[in-house]
Amino acid sequence: MRENVVIRTVTRLMVPFIQVFGLYVIVHGASGAGGGFQGGVAFAAAFILMVIAFGLPDVRARFGNRGIMYASIIGICIYAAIGLLSLLYAGNFLELAVIEEASGIPHLHGILIDIVEAGIGITVMAVMISIVYYMTDTGGDSS
């Protein structure tokens with residue numbers, strides 16, 4: 001792809017706003033429209049825009065396969081840890097009210113929901129980026 005200064009400059013300006021929007025969607029997922037999946041997709045869209053503007057090798061140098069794998073693992077671990085924590089307090093998986101009652105901290109379930117949504121968002125972002133990496137490596141051929 002031929003280098004285009006306008007596309008690269010606009011991408012540099014847009015990516016932080018897209019990422020902040022993704023974070024907003026994740027954080028407000030518990031109380032409004034949005035959530036971890038939608039926010040993770042918004043984060044992945046920022047990386048896809050970077051792939052389009054700068055090319056895959058440059059983006060992959062910043063966020064390689066190992067980083068994607070670690071992000072996926074961290075996201076799943078966050079989700080599972082919060083779910084298992086409620087099992088420790090004799091509740092069901094992700095029954096966050098049990099944790100709030102046992103700890104005595106008011107409104108703790110809201111914070112725990114945001115943490116679960118962040119875990120989902122991190123995992124979705126990593127999986128979406130890995131799909132894009134795979135598709136660009138194979139040229140879109142799935143066979």
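**Burial, contacts and charge pairing in a six-helix model**

Of the 143 residues of the protein, 34% count as buried. Buried means under 20% relative accessible area, exposed means over 50%, and partly exposed lies in between, with a 1.4 Å probe and protein chains only. The model is predicted: local features need pLDDT of at least 70, side-chain atom pairs count only at pLDDT 80 or more, and totals for chains, interfaces and linings use all residues. Residues are numbered from 1 along each chain as its sequence is written, and side-chain values use heavy atoms, with hydrogens and water left out.

The protein has 6 helices and 0 strands. Its elements run α-α-α-α-α-α from the N terminus. Helices (H or I, at least four residues) and strands (E, at least two) are DSSP runs, numbered from the N terminus. The C-alpha trace spans about 60 × 35 × 20 Å along its principal axes. Contact means heavy atoms within 4.5 Å. Among contacts between residues at least 6 apart in sequence, 59% join residues at least 24 apart. The protein exposes about 8,700 Å². Carbon and sulfur atoms supply 69% of that area. Accessible areas come from the Shrake-Rupley method with a 1.4 Å probe; for residues, only the protein chains shown count as cover.

Helix H1 covers residues 5–27. Val 5 is found in this helix. Val 5 counts as exposed because its relative accessibility is 64%. Val 5 and Phe 37 are 32 residues apart in sequence, and their C-alpha atoms lie 32 Å apart in space. Thr 11 is also found in helix H1. With a relative accessibility of 2%, Thr 11 counts as buried. Thr 11 touches Leu 49, Met 50, Ala 53 and Phe 54, not counting residues up to four places away in sequence. Val 10 belongs to helix H1 as well. Val 10 has 43% relative accessibility and so counts as partly exposed. Val 10 joins Val 6, Leu 13 and Met 14 in a nonpolar surface patch of about 370 Å². Patches are made of residues with over 30% relative accessible area and no salt bridge; like charges are joined within 9 Å, and nonpolar side chains (Val, Leu, Ile, Met, Phe, Trp, Tyr) within 5 Å.

Helix H2 spans residues 36–54 and holds Ile 48. The relative accessible area of Ile 48 is 30%, so this residue is partly exposed. Ile 48 and Val 15 are 33 residues apart along the chain. Their C-alpha atoms are separated by 9.8 Å.

The structure holds 1 salt bridge. It links distant parts of the chain: Asp 137 in helix H6 and Arg 60 in helix H3 (residues 56–62), 77 residues apart. The closest N and O atoms of Asp 137 and Arg 60 are 3.0 Å apart. A salt bridge is a side-chain nitrogen of Lys or Arg within 4 Å of a carboxyl oxygen of Asp or Glu. Side chains of opposite charge can pair when their charged atoms come close. Both partners are partly exposed: Asp 137 at 48% relative accessibility, and Arg 60 at 23%.

Glu 117 lies in helix H6, which covers residues 108–138. Glu 117 is buried yet has no salt bridge. The nearest side chain of opposite charge, Arg 60, is 27 Å away. Lys and Arg count as positive and Asp and Glu as negative; His and the chain ends are not counted. A polar atom of the Glu 117 side chain lies 2.4 Å from the backbone nitrogen of Gly 36. Glu 117 touches Ile 26, Gly 35 and Gly 36, not counting residues up to four places away in sequence.

Two loop residues have notable backbone angles. Most residues other than glycine have a negative phi. Phi of Ala 90 is near 65°, a positive value in a residue other than glycine. Ala 90 lies in the loop between helix H4 (65–88) and helix H5 (96–103). Ala 90 is exposed because its relative accessible area is 73%. His 107 is not a glycine either, and has a positive phi of about 65°. The place of His 107 is in the loop between H5 and H6. His 107 has 61% relative accessibility and therefore counts as exposed.

Key:
A polar contact is a pair of N or O atoms within 3.5 Å; within protein, one must be able to donate a hydrogen and the other to accept it, and residues adjacent in sequence count only if both atoms are side-chain atoms.
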